[in-house]
Amino acid sequence: VVVLKHNGIIIDSIGKIGQTGIDYWGDPSTVSTKDMTLVRKTYITSGDTDPYDDYDPTLEWDAYPKDTASYLGSHTSD
């Protein structure tokens, strides 16, 4: 689980706090937090601020091959 905070306030999270026995979230054949590069979908304008809710990366992320770097440094919004 990764939780991003600003001034102590959660602004984004990937994964679910307290969920054990999992080394990735999602489906490795489509969108997964394992061995894929995830890029936030263009219509997502804020992060997942509840790190305790069920986590499904297909809701907020597009998946690309591992180590894709062409999307670094920008985010296109609809």
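1. In this predicted model, a nonpolar patch of about 350 Å² appears on the surface, and the residues that make it are Val1, Val3, Ile17 and Tyr52. Of these four, Ile17 can be placed in the loop that runs between strand S2 (9-14) and strand S3 (36-40). With a relative accessible area of 32%, Ile17 counts as partly exposed, because that term covers values between the 20% limit for buried and the 50% limit for exposed.

2. Turning to charged residues, how many salt bridges does the structure hold? There are six of them, and the points below take up several in turn. As background for a new reader, side chains of opposite charge can pair when their charged atoms come close.

3. One of the salt bridges joins Arg40 to Asp12, and the closest N and O atoms of this pair are 2.0 Å apart. Since Arg40 belongs to strand S3 and Asp12 to strand S2, the pair ties together parts of the chain that lie 28 residues apart in sequence. Are these two partners buried or exposed? Arg40 has a relative accessibility of 14% and therefore counts as buried, and Asp12, with a relative accessible area of 13%, is buried as well; the cut-off used here is under 20%.

4. Another salt bridge is formed by Lys16 and Asp54, whose closest N and O atoms are 2.8 Å apart. Lys16 sits in the loop between S2 and S3, whereas Asp54 sits in the loop between S3 and strand S4 (61-65), so this pair ties together parts that are 38 residues apart in sequence. Asp54 has a relative accessible area of 63%, and it is therefore classed as exposed, the limit for that class being over 50%.

5. A further salt bridge connects Asp23 with Lys34, and here the closest N and O atoms are 3.8 Å apart. Both Asp23 and Lys34 are found in the loop between S2 and S3, with their positions eleven residues apart in the count, and the pair is one that links distant parts of the chain. Asp23 counts as exposed at 59% relative accessibility, while Lys34, at 36%, counts as partly exposed.

6. Finally, it is worth returning to the pair in point 3, as salt bridges can share partners: through such sharing, Asp12, Arg40 and Glu60 are joined into one network. A student reading the model may therefore wish to view Arg40 and Asp12, both buried, together with Glu60 as members of that network.

Note on methods:
Residues are numbered from 1 along each chain as its sequence is written. This is a predicted model: local features need pLDDT of at least 70, side-chain atom pairs count only at pLDDT 80 or more; totals for chains, interfaces and linings use all residues. Side-chain values use heavy atoms; hydrogens and water are left out. Patches are made of residues with over 30% relative accessible area and no salt bridge: like charges are joined within 9 Å, nonpolar side chains (Val, Leu, Ile, Met, Phe, Trp, Tyr) within 5 Å. Accessible areas come from the Shrake-Rupley method with a 1.4 Å probe; for residues, only the protein chains shown count as cover. A salt bridge is a side-chain nitrogen of Lys or Arg within 4 Å of a carboxyl oxygen of Asp or Glu. Helices (H or I, at least four residues) and strands (E, at least two) are DSSP runs, numbered from the N terminus. Buried means under 20% relative accessible area, exposed over 50%, partly exposed in between (1.4 Å probe, protein chains only).
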